[in-house]
Amino acid sequence: MRISIIGAGYVGLVSGVCLSEVGNRVICVDRIPERVQSILHGISPIYEPGLEDLLRRNLKNRRFTATQDLARAVKESDITLIAVPTPSRNGAIDLRYVRAATREVGHALRSKRAFHVVAVKSTVVPSTSDTIVRPLLQESSGKKAGEFGLCANPEFLKEGDAIKDFLRPDRIVIGSDEERSFRVFKKIYSRFHCPILHTNLRTAEMIKYAANSLLASLISYSNEIASIAEAVGDVDVVDVLRGVHLDARLTPFLEGAVSSLRGRLSPGIISYLKAGCGYGGSCLPKDVPALCTLAEKRGYEPGLLRSVISINQQQPLRLMKRLSHELGGLRSKKVAVWGIAFKPDTDDVRDTPAKPIVDSLVQAGAKVSVYDPFGLEAARKTLFQDTPLTYAQTQFEAAAGAHALVVVTSWPQFVNVDFRKLASLMKKRAFIVDGRRVYERWSVLAAGLRYLGVGYRESEAA
Ligand SMILES: NC(=O)c1ccc[n+]([C@@H]2O[C@H](COP(=O)([O-])OP(=O)(O)OC[C@H]3O[C@@H](n4cnc5c(N)ncnc54)[C@H](O)[C@@H]3O)[C@@H](O)[C@H]2O)c1
């Protein structure tokens with residue numbers, strides 16, 4: 001199929017190169033000229049493992065290209081995917097990019113005679129496609145629904161694993177209110193072997209929010225258990241959750257396994273049942289509030305999901321409060337922060353928990369030095385423009401002379417650090433603040449450092 005994709009960001013670019021890899025012809029459109037040029041030169045504007053190789057291969061075989069010319073891209077394709085941002089504004093979804101892209105697509109369709117399917121790949125709250133996108137397309141194209149097709153095709157890829165997730169999806173969800181659009185659209189996925197769930201437009205949109213809300217809820221559940229463990233004392237949330245994971249309904253026995261010690265499945269969902277300094281990134285922090293705001297507008301109070309958000313907002317601040325207590329205040333203390341990206345293997349710093357952590361440290365008068373293998377540039381440009389910080393060149397440079405080191409992102413080079421080396425660089429009896437519960441406490445203590453971890457506090461009586 002010939003596909004145009006509006007927006008060449010994490011979702012648009014990954015979808016574009018992967019759909020061309022499986023035999024489609026793809027034109028990605030972006031309005032940022034440098035982004036388009038960079039893509040055309042085979043240089044990925046975002047860091048995503050494996051993306052650049054795939055991009056170069058498909059540029060070379062001419063199945064993939066990029067442009068700023070949206071009208072041309074739409075005219076030269078049969079299907080258009082809209083993959084523009086849907087940020088949050090005051091907790092509600094901000095549809096300005098979706099509206100603008102839809103209008104432009106509609107204008108381009110005016111002079112097109114062949115049946116063309118528009119699919120919304122951006123995450124949009126249920127009822128967006130039928131109450132906003134469809135009328136806008138009708139108005140700007142001068143065509144009636146039916147003369148063009150409309151689908152909702154939410155994306156479930158995870159940054160850091162995006163290529164694998166896209167090429168080997170667990171499911172593909174296609175929403176459409178009529179059969180023809182579905183029939184045409186599903187052809188782009190003809191080489192994929194996974195369940196294709198066909199629903200109406202609103203249900204497809206809702207599936208994405210339901211999935212993200214579940215993931216956010218599991219994380220906030222784990223963090224609430226961590227906070228209760230801290231309040232009680234001498235309870236380690238890591239062991240508590242390990243005990244929970246061993247429930248065979250979460251980690252089922254493999255067929256034919258003779259013992260429950262071996263032969264268990266370890267489903268990916270388990271990684272969300274883990275305590276830490278909170279979730280971040282481009283999806284969960286904006287999508288859960290957007291769903292809540294929509295629910296409230298429609299007359300339902302989503303109490304559970306509001307608590308999920310509140311726990312997540314408190315989580316990084318609780319950790320910094322504990323550090324402040326241990327250090328007797330943060331004024332003039334040097335604190336290193338390892339990790340700005342919201343998770344490893346990405347340079348995405350959107351809504352990262354590193355932001356409230358660094359801000360609260362700086363506000364309390366600490367001298368903060370940060371390091372991230374890929375996220376520093378984005379952090380400098382978009383997160384901390386006016387924040388007095390030191391950007392270190394290496395993780396050890398950040399930690400040198402620090403009273404405390406806060407680990408926000410579990411990059412492998414942070415997880416596998418040599419504590420003796422760290423101890424030799426940091427202040428005497430400095431704190432390692434384990435924001436992701438990636439360290440063995442005893443190995444930190446054995447190096448002469450002190451340990452502060454989410455979900456563990458020694459009881460005062462002990
Ligand atoms: N990033 C993820 O992991 C992820 C996963 C699943 C779903 N989503 C959803 O996918 C959507 C896109 O997210 P993203 O992370 O790819 O965003 P992004 O910010 O990385 O990329 C969006 C791109 O769209 C371009 N753009 C905006 N308006 C345009 C227009 N009118 N014409 C041409 N280009 C335009 C921007 O310049 C930008 O390059 C969002 O709704 C998001 O919630 C994201």
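Is D345 buried, partly exposed or exposed? In this predicted model, D345 is partly exposed, since 19 other C-beta atoms lie within 10 Å, and the threshold for a buried residue is 20 or more. The residue sits in the loop that links β11 (334-338) to α13 (354-363). Its backbone also deserves attention: D345 is not a glycine, yet its phi is positive, near 65°.

The loop that holds D345 leads into α13, and this helix contributes a set of buried residues, namely A354, K355, P356, I357, V358 and L361. A charged side chain, that of K355, is thus listed among the buried positions of α13. The partners against which these buried residues pack are both helices and strands: α12 (303-327) and α14 (376-383) on the one hand, and β11, β12 (367-371) and β14 (404-407) on the other. The strand β11 therefore appears twice in this account, as the element before the loop of D345 and as one of the packing partners of α13. After α13 comes G365, which has a positive phi near 95°.

A second residue other than glycine with a positive phi is S127, at about 100°. S127 belongs to the loop between β7 (117-120) and α6 (128-141). Like D345, S127 is classed as partly exposed; 14 other C-beta atoms lie within 10 Å of S127.

Helix α10 (residues 237-245) offers a simple case of a helix with two sides. Its buried residues are V237, V238 and L241. These residues lie on the same side of α10 because they cover an arc of only 100° around the axis. The other side of the helix carries D239 and G243, both of which are exposed. The element against which the buried residues of α10 pack is α9 (201-232).

The ligand remains to be described. It is surrounded by 28 residues, of which G7, G9, V11, S122 and T123 come nearest. Two elements, α1 (10-21) and α5 (96-110), each give two or more residues to this shell. The largest share comes from α5, with four residues. In terms of residue class, the shell around the ligand comprises 15 nonpolar, seven polar and six charged residues.

Notes:
Residues numbered from 1 in each chain as written. Predicted model: local features only at pLDDT ≥ 70, side-chain atom pairs only at ≥ 80, totals over all residues. Near = placed C-beta within 6 Å. Buried ≥ 20, exposed ≤ 12 C-beta atoms within 10 Å, placed from the backbone. Arc of directions from axis to C-beta. Contact = placed C-beta atoms within 7 Å.
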